[in-house]
Amino acid sequence: MADHDTIRVAVVGASGYTGGEVIRLLLEHPHVELAFLSAERAAGATIGSVHPWLRNHPRAAGLTLRPLADLAGIEPVDIAFGCLPTGTLPERLPLIAERAKRVLNLGGDFRLRDAGQIRAHYPATAAHPPLEDFAYYVPELSPAVPESRFISLPGCMAVTTIYALYPLFAQGAPLVGERVIVDAKTGSTGGGRAAGEPPAERSGNFRVHKLHGHRHAPEIQQALADFTSTAVDLRFSTHSLDVARGIMVTAYTELRDGVTPLDVKRAYAKAYVGRPFLRVRPAPKAPQDFPMLKAVVGSNVAEVALSVRDGQCVTVAALDNLIKGAAGQAIQAMNLISGFPETAGLPTTAVSP
């Protein structure tokens, strides 16, 4: 696609945090026309009234949310971003698929393939299977842009964990044993705009979110098996942070016999070289040298670092759950699918304080 081409885009589920971030980033994209924005309960409202942080952008003037049914009456769009709450997309997919050449799904409904796991974690998907298979796509790791019309992007905690672990298993002969322990910590926006936790209970607190059975665990195992042919024995627990945005993952593994710290460092450098949004922190020593939320929140960058001692490998990864973990990685995928520069419209610097 030529640099001057413009594509028409729909954002379905535009009133939530993820939908708002997709819109915010696309307002700065040089090759996108926001052709349709839907939100059922906010239909008729301006985008600036639903997302006040967008109301001063000159391209936001006149953007109004509409019921999804109105999509049937407009010219088809090139790409539809599905930003609906989990369980909502399956029933609405036929209409979206009829009016969009491609569907990029940011929700969880079509990420898993195992029927039992789908029933356990995404019952609406089991009741409404898709018209076509969804391709699971991680821009940095998938071997090629999927030909499928339907693409699912990974979950935010899942993709952070995948970035943390992938190089350990990507060389054909895994550098560590299959037993992996992961502690993932997420900000409040990870629960969505309707999560309902009172601010007074979250403020100044650090608590367990889910110690067993999180739906991102089978997704991580599926992705690592696809990308590395390794079946990991994953122990995955999650905690809630007193921050609005950001995810930090700490992963614990044990080196196989004969593997050195230098082997591990080389594996990460090789796996992520030339990836504009994946940054391996070189030889971190002080705490501020490791990935941290202040270095990534507001950007489409994921930071990764590791520490190896006495046969133990600890890997840390951090990213902004709403950007690199959701809206940003979806736009990154859109760029690659559409032939635009991979970095178009995506920020690489964080926001602080």
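# Two sheets and the helices around them

In this predicted model, strand β8 (residues 207-210) pairs with β9 over three bridges in the antiparallel sense. Strand β9 is also joined to strand β7 (residues 179-186), here by eight bridges and in parallel. Both pairings belong to an open sheet of seven strands with mixed pairing. A further open sheet has six strands, and its pairing is parallel. The points below take the seven-stranded sheet, then helix α8, then the six-stranded sheet, and end with some single residues.

**The seven-stranded sheet**

- The order of the strands is β8-β9-β7-β10-β13-β12-β11.
- Strands β8 and β11 (278-280) are at the edges and have a single partner strand each, so one side of each lacks a neighbour in the sheet.
- From one strand to the next, the twist averages 25 degrees.
- Helix α9 (residues 261-272) packs on this sheet and touches β11, β12 (302-309) and β13 (312-319). The direction of α9 makes about 165 degrees with that of β12.
- In the pairing of β8 with β9, Arg207 stands opposite Ser240, and the bridge partner of Val208 is His239.
- On the β7 side, Val182 has Phe236 of β9 as its bridge partner.
- Six of the eight residues of β9 are buried, so the strand is largely enclosed by the rest of the structure.

**Helix α8 and its surroundings**

- Helix α8 has 13 residues, which at 1.5 Å a residue should span 18 Å; the end C-alpha atoms are 18 Å apart, in agreement with that value.
- Of these 13 residues, 10 are buried, so α8 is largely enclosed by the rest of the structure.
- The buried residues include His216, Pro218, Ile220, Leu224 and Phe227.
- What do the buried residues of α8 pack against? They pack against α4 (115-121), β5 (135-136), α6 and β9 (233-240).
- The axes of α6 (residues 156-169) and α8 (residues 216-228) come within 9 Å of each other and cross at roughly 35 degrees. The crossing of α6 past α8 is right-handed.
- On the α6 side, the residues that meet α8 include Met157, Ile162, Leu165 and Phe169. On the α8 side, the residues that meet α6 include Glu219, Ile220, Ala223 and Phe227.
- Sorted by class, the contact of α6 with α8 has 11 nonpolar, three polar and one charged residues.

**The six-stranded sheet**

- Here the strand order is β2-β1-β3-β4-β6-β5.
- Strands β2 (32-38) and β5 are the edge strands, and each pairs on one side only.
- Five bridges pair strand β3 (residues 77-82) with strand β4 (residues 100-105) in the parallel sense. In this pairing, Val77 stands opposite Ala100 of β4.
- Helix α3 (residues 89-99) lies across β1 (7-12), β3, β4 and β6 (150-152). The direction of α3 is at about 145 degrees to β4.
- Helix α11 lies across β1, β2, β3, β4 and β6, and runs at about 160 degrees to β3.

**Asn335 in helix α11**

- Asn335 is one of the residues of α11, which covers residues 323-338.
- Is Asn335 buried or exposed? Asn335 counts as buried, because its relative accessibility is 0%.
- Apart from neighbours within four places in sequence, Asn335 is in contact with His29, Phe340, Pro341, Glu342, Thr343, Ala344 and Leu346.

**Backbone details**

- Ser229 comes just after α8 and is found in the loop between α8 and β9. The phi of Ser229 is near 60 degrees, a positive value in a residue other than glycine.
- Ser229 has a relative accessible area of 70%, so this residue is exposed.
- Ala283 is in the loop between β11 and α10 (293-296). Its phi is near 40 degrees, and this is again a positive value in a residue other than glycine.
- Ala283 has a relative accessible area of 49% and is partly exposed. The lower limit for counting as exposed is over 50%.
- Which form does the peptide bond from Ser352 to Pro353 take, cis or trans? The bond is cis, with omega near 5 degrees.
- Pro353 is placed in the segment after α11.

Methods:
Residues are numbered from 1 along each chain as its sequence is written. This is a predicted model: local features need pLDDT of at least 70, side-chain atom pairs count only at pLDDT 80 or more; totals for chains, interfaces and linings use all residues. Side-chain values use heavy atoms; hydrogens and water are left out. Helices (H or I, at least four residues) and strands (E, at least two) are DSSP runs, numbered from the N terminus. Buried means under 20% relative accessible area, exposed over 50%, partly exposed in between (1.4 Å probe, protein chains only). Contact means heavy atoms within 4.5 Å. Axes are lines fitted to C-alpha atoms, for helices over the stretch in contact, and angles run from 0 to 180 degrees between N-to-C directions. A crossing is left-handed if the near helix is turned anticlockwise from the far one by less than a right angle, and right-handed if clockwise. Ala, Val, Leu, Ile, Met, Phe, Trp, Tyr, Cys and Pro count as nonpolar, Asp, Glu, Lys and Arg as charged, and the others, Gly among them, as polar. The expected span of a helix is 1.5 Å times one less than its number of residues. Two strands pair if DSSP finds at least two bridges between them.
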